[in-house]
Amino acid sequence: MSRAVAVARSNIALVKYWGTREASLNLPAVGSLSLTLDGLETRTEVRWDDEAHDRFILNGAAMTGTPLARVSAVLDLVRARAGHACRARVESANNFPSAAGLASSASGFAALALAASRAAGLRLGELELSALARRGSGSAARSIYGGFVVMDRGVRNDGVDAVARPLETNLDVRMVVAVCGEGIKSTLSTDGMRHTAETSAYYQSWVTSHPQDLEMARQAVEQGDLQVLGTVMEHSCLKMHAAALAARPGILYWSGATVDGFHLVRALRGNGTDVWFTNDAGPHVKALCRPEDAERVSQALSRVAGVTRVLVCRPGMGAELIEG
Ligand code: PMV
């Protein structure tokens with residue numbers, strides 16, 4: 001029976017994905033644009049065997065329920081494609097907090113798509129891997145690639161055009177990640193986006209106004225314009241949260257430290273530093289800045305009450321096969 005090991009890195013959306021247009025294929029209602037980060041990694045080993053059930057071990061603990069079901073759903077697609085019915089043992093380890101808004105599902109499903117398909121003897125191209133990873137988690141489609149990545153919403157019903165691709169740029173940046181409390185339980189992004197779409201009066205305007213943000217960000221990346229990119233990034237974050245906050249009941253991902261972090265980033269900017277914030281389905285603050293400013297931004301964020309640690313991330317590489 002065959003095995004493979006893959007590593008993929010997390011990514012942070014600068015222009016957010018929030019909402020699906022079709023749930024069973026996990027087709028996004030909007031595109032997105034992200035930066036893959038060095039240092040926030042998932043390493044996943046997949047071993048196809050003749051056990052009766054799939055097993056999923058995350059950071060040493062055997063998972064059941066929804067986490068196992070989501071992994072099995074991706075394995076089902078690989079089984080169908082490879083034409084076999086074997087079960088798999090999936091062992092995954094993150095070097096950062098899981099399910100707390102540091103995008104462990106992005107790196108996790110990207111690593112799973114690569115390791116599971118290779119272990120099954122399939123040689124999928126990057127676009128196919130991106131579409132496979134998307135079935136586990138929308139943001140995972142982007143972690144197949146390194147650096148700046150754009151994810152297309154796609155228009156087809158079969159989802160073959162809802163895939164990510166890398167962007168060319170000379171822009172060098174750092175993402176400073178301020179961890180605002182570890183192990184905090186938030187509404188899972190899948191549930192949060194569904195609830196927003198179903199109950200928020202602002203959801204439609206989020207969807208309608210999204211393409212122009214995405215286009216502006218894409219051009220800013222290609223032209224190496226950090227100021228335009230940072231401005232649209234902060235706007236996309238606040239607009240996504242505005243739609244989620246307006247759901248019934250409202251979804252509030254921020255802690256006090258999150259909001260203090262936002263104010264700090266704006267104060268640094270007021271003093272002339274090119275730095276902008278973003279934040280996802282959890283409390284952590286991520287600040288985008290130039291490499292030469294990263295240490296100062298990091299030190300300032302580490303002094304915010306409630307920030308437990310700060311990581312300075314360089315742009316990271318795409319998913320890699322380590323063994324198999
Ligand atoms: O890919 P999911 O289902 O974990 O959703 C990602 C949602 C956000 O992180 C908030 C935004 C994004 O585009 O990554």
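**Exercise 1. Locate Pro249 in the chain, and describe the peptide bond that joins Arg248 and Pro249.**

Solution. Pro249 has its place in the loop between α6 (226-245) and α7. This structure is a predicted model, and in it the bond joining Arg248 and Pro249 is a cis peptide bond, with omega at about -5 degrees. As background for this step, most peptide bonds are trans.

**Exercise 2. For Asn26 and for Asn59, state the phi angle, find the loop, and decide whether the residue is buried, partly exposed or exposed.**

Solution. Begin with the backbone angle of Asn26, which is not a glycine and yet has a positive phi of about 55 degrees. Next, place Asn26 in the chain, where it belongs to the loop between β2 (20-22) and β3 (27-28). Finally, take the relative accessible area of Asn26, which is 14%, so that Asn26 is buried, the cut-off for buried being under 20%.

Now repeat the steps for Asn59, which likewise is not a glycine and has a positive phi, here of about 50 degrees. The loop that holds Asn59 runs between β5 and β6 (61-63). Because its relative accessible area is 41%, Asn59 is partly exposed. The general background is that most residues other than glycine have a negative phi.

**Exercise 3. Work out which elements supply the largest nonpolar core, and which of its residues touch the most other members.**

Solution. The largest nonpolar core holds 39 residues, and the members that touch the most others are Val46, Trp48, Leu75, Val90 and Leu112. Turning to the elements, at least two residues each come from the strands β1 (3-15), β4 (32-49), β5 (55-58), β7 (87-94) and β8 (148-151), and likewise from the helices α1 (65-82), α2 (104-119) and α3 (126-136). The element that gives the most to this core is α2, with 9 residues.

To see one member in its surroundings, follow Val46: leaving aside residues up to four places away in sequence, Val46 touches Ala88, Arg89 and Val90, as well as Leu112, Ala115, Ala116 and Ala119, and also Ser2, Arg3 and Ala4. Apart from this core there is a second, separate one of 28 residues, which includes Leu33, Phe96, Val177 and Val232. In general terms, nonpolar side chains tend to be buried together in soluble globular proteins.

**Exercise 4. Identify the buried residues of helix α8, and explain why they lie on the same side of α8.**

Solution. First list the buried residues of α8 (residues 294-302), which are Ala294, Val297, Ser298, Ala300 and Leu301. Then consider their directions around the axis: they cover an arc of only 165 degrees, and therefore they fall on the same side of α8. The general rule behind this pattern is that an α-helix has 3.6 residues a turn, so residues three or four places apart point the same way. As a last step, ask what covers these buried residues of α8; the cover includes β10 (174-179), α7 (256-270), β11 (275-278), β12 (285-289) and β13 (309-313).

**Exercise 5. Describe the second largest pocket and the largest cavity by volume, lining and residue class.**

Solution. Take the pocket to begin with: the second largest pocket contains about 300 Å³ of space. Its lining is made up of 16 residues, and those nearest its centre are Arg81, Glu128, Ala131, Leu132 and Arg135. The elements that give two or more residues to this lining are α1 and α3, and α3 has the largest share, with 6 residues. Sorted by class, the lining of the second largest pocket has 10 nonpolar, 5 charged and 1 polar residues.

Next, turn to cavities, of which a search of the whole structure finds 1 of 30 Å³ or more. The volume of the largest cavity is about 40 Å³, and its lining consists of Tyr17, Pro28, Ser32, Gly138, Ser139, Arg142 and Met151. By class, the lining of this cavity divides into 3 nonpolar, 3 polar and 1 charged.

**Exercise 6. Place Ala141 in the chain, decide whether it is buried or exposed, and list its contacts.**

Solution. Ala141 is part of the loop between α3 and β8. Its relative accessibility is 0%, so Ala141 counts as buried. Not counting residues up to four places away in sequence, Ala141 touches Ser130, Ala133, Arg134, Met151 and Ala164.

Key
Residues are numbered from 1 along each chain as its sequence is written. This is a predicted model: local features need pLDDT of at least 70, side-chain atom pairs count only at pLDDT 80 or more; totals for chains, interfaces and linings use all residues. Side-chain values use heavy atoms; hydrogens and water are left out. A nonpolar core is a set of buried Ala, Val, Leu, Ile, Met, Phe, Trp, Tyr and Cys residues joined through side-chain atoms within 4.5 Å. Buried means under 20% relative accessible area, exposed over 50%, partly exposed in between (1.4 Å probe, protein chains only). Helices (H or I, at least four residues) and strands (E, at least two) are DSSP runs, numbered from the N terminus. Contact means heavy atoms within 4.5 Å. On a 1 Å grid over the protein atoms alone, a cavity is a set of points where a 1.4 Å probe fits but cannot get out, and a pocket is an open set with protein on both sides within 12 Å along at least five of seven lines; lining residues have an atom within 4 Å of a point. Grid points are joined across faces, edges and corners, and a volume is the space filled by probe spheres set on the points. Ala, Val, Leu, Ile, Met, Phe, Trp, Tyr, Cys and Pro count as nonpolar, Asp, Glu, Lys and Arg as charged, and the others, Gly among them, as polar. The arc is that of the directions from the helix axis to the C-beta atoms.
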